[in-house]
Amino acid sequence: MNIALGRYIPYDSIIHRLDPRTKLLALIALLVAIFFKLSFWEYAFLIVVCLALILISKVKFRSILQAFKPMWLMMLFLLIINVLVIKRGDALFTIASFTCYSGAIFQTLQIIIRLALMISLTTILTSTTKPLDLTYAIEWFLSPLRVLRFPTHEIAMTISLALRFIPTLFEETQKLIKAQASRGVDLQSGKLKEKIGGLVSLIVPLFVSAFQKSEELADAMEARGYNPGAKRTRYRKLDFAIRDLVGLLVCALIVFLSIYSSYHPEIVRTLEIWKN
Amino acid sequence: MPIEFKNVSHTYYPGTPFEYQALRGIDLVIKDQSFTAIVGHTGSGKSTLVQHINALLKPDSGEVRVNDYVINHKSKIKNIKSLRKLAGMVFQFPEYQLFEETIFKDIAFGPKNFGLEGKELEERVLKAIKLVGLDETYLEKSPFDISGGQKRRVAIAGILAMEPEILILDEPTAGLDPQGAKEMMNLFAEIHRQGKTIIMISHEMDYVLEYCDEVVVLKKGLVAAQDKPINIFSKAELLKGLHITPPAIIDFANRLIANKLPIDIKKVFDIESLISEIVRVKGGNK
Amino acid sequence: MENAIEIRNLTFAYQAGIKVIKNISFNIKTGSYTVILGHNGSGKSTIARLILGLLMADTGSIFINGVELNQKNVYDIRKQIGIVFQNPDNQFIGSTVADDIAFGLENRCVEHEKMQAIIDDFAAKVGMQEFLDKEPSNLSGGQKQRVAIAGILAMAPKILIFDEATSMLDPKGKREIKELIKKTKEIYPDITVVSITHDIDEAYLADEVIVLNQGEIFAQGSPAEIFKEEQNLEAIGLDFPFIYKLTTALKAQGLDYSGATIEELVMKICQ
């Protein structure tokens, strides 16, 4: 259970209660805003927005930081590449005839901020929205494609079944690891050949079990009258409430402000004057 | 050497919303060469307990001693493989762990990992498959082409081929039909007679009464009782509190006693012994 | 219709040449509680899959309420039959208890507005009303089976099949499901219940018992007819019910209490 990113955490907050379509649309809009060429002030604004969202949604900062974990190496790598390639801005310092420019640092910082915002916002979405609700939202957005005979419903059903069985398969994997460890498999300190053998001893039974599960599941679905092509009704209906309208308006305002001000730097300048 | 648990606690997923304390300070000695049953309600910590014996899990606090091995929170066990060879673990529905192309290879997998090879390995495999009641014609078959009951036998043979001194069984008869279960239990009784320690998690109290010489009852991560099976099962009040249904025969005898029939519960272990007790008491009354 | 299920000369093989069902014929009466008993591998689960049309027989025919099952009417016939399978996990389709009960209703195109009331009603019937929002990983095996039963009862089947529905459960789960089967039979006396099992004590409660061995019918009749000395059940990997063994052993000692229930037996012995 250490898959931190994307794990739904059942707190009760206004963001949890929003329609998943609202949240998905808002996320996409904010991501678009982030990828405009923004200046320092707009980024600061978006970071504040993001922090506010984290607070409102009751998502733990720790779990957001955990989501950053796989990023550290990439960020370091980026910094090195940028320092080597970018020669804009002021020369900051020189080591053994190699000069590092401020442009490189700024460029890297900008990318890091963008990535961090992206990951934080996505984590907020996935921690406050049940995977299944997200699936419904995606299905809803794709539904116009049904006219083109695109099987949106079948795809959504497949995704929701996959989501349903992830915890089951995860549990089974853990049990298998223990069972094969009891038969002497050592995935940590064994020789390479032993490690490969050990992996096979996990993967084969997992596949066998997954196939058997899918067969039994198909039987159970058919027995309860499921017919892929046929019309069905829905128990879960997405519920677009007034709070969603407000949410979307706020989001539109944020996106508009950040993009507009990036084309009109005088706004920020006014702010600075006002601050002074 | 007995297996000793000293104040063992274990918590799953500490510090997360899924945190769950499965063991809350277990003190327990499992006698050498005993056939010990671990019983208790689902969620009482049975599986967590036995997984400490071959160090699949480590205690958060306290320690487990198995022969010369000490398993505690800090220790990195030097020779974990030989501990796992010493204490063979058969999980629930072990047929799901089969994976090799042939049954021979699957049974050989464990002993091979523990360094056995050649002629010796072959002999081990042959001995193990015969022990579980299959013949050598099975060895070249695929483990996926045999019946469910046979798969379970092959999986158990894979553990027996490691020749463990301690055999840990997690509900070995679950899902088997009465005859299959009976044969399985007779197999474990035979292994026990060869001088091995057997630790079995079970919900089948009839088998516990018939085969085991010691019962450990767990409740909410603690040892609630430990005694000979008949001593545990004859205490109707104790059983109720532990949510354990006694074997049908003992339940029946307990009901007779509750209705003031003075039979000696210690003499009841199967239908014949119950009947002769009834006849003795009723005959005496006449 | 007198017979809910009629099976005539049924034969089936998964692999050519290895027949799992060997020319079987039997009838199951409408509204009865029938137990199909057999050891593992006797072909009893294959029969359930054939009745549902999940498998198609090689030869022979199956009549459900007088209509012969074929490829064309299989979806219509299935509407009359509900089945609870063995593995609690692999038949839990929805992501929560409520969604799982709703699954069959969705397939039946029950209107969205009516669903919640039906779900609440059937969840309550199986005692799962407190768990509607729970996910399967937080439920015990017995609870998952109860949800499956609620989902199937909500579809108002005429025939209810339990395919080893208790064999993977702990004793508490087993007991709960057996009690629920009994309760279901009381609430819906018209439903035909078929329970496929190797639980001898359950067979003792049935109206009719069909014993299968190696794909053939070994015996058929009321429990009293099946559990008789002459029937060599041990030879085919089955056992006799505990109460039966007890009364037989008492009879040998000259104490004849045949036909008594456990409670009656206790009272009689203690007289």
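The following exchange concerns the contact between chain A and chain C and a sheet in chain C of a predicted model.

In this predicted model, local features need pLDDT of at least 70 and side-chain atom pairs count only at pLDDT 80 or more, whereas totals for chains, interfaces and linings use all residues. Residues are numbered from 1 along each chain as its sequence is written, chains are lettered from A in the order in which they are written, and side-chain values use heavy atoms, with hydrogens and water left out.

Visitor: How many residues does the contact take from chain C?
Guide: Contact here means heavy atoms within 4.5 Å. By that rule chain A gives 26 residues, and chain C gives 37 residues.

Visitor: What area do chain A and chain C bury between them?
Guide: Buried area is the accessible area (1.4 Å probe) that two parts lose on being put together, summed over both. Carbon and sulfur atoms account for 51% of it, and the total is about 2,900 Å².

Visitor: Which residue of chain A forms a salt bridge with C:R78?
Guide: A salt bridge requires a side-chain nitrogen of Lys or Arg within 4 Å of a carboxyl oxygen of Asp or Glu, and the rule finds six across this interface. For C:R78, the closest N and O atoms are 2.9 Å apart, and the partner is A:E222.

Visitor: Which strands stand at the edges of the open sheet in chain C?
Guide: Strands are DSSP runs (E, at least two residues), numbered from the N terminus, and two of them pair if DSSP finds at least two bridges between them. The four run in the order β2-β1-β4-β5 with antiparallel pairing. Two strands have a single partner each, so one side of each is left without a neighbour in the sheet: β2 (18-29) and β5 (67-68).
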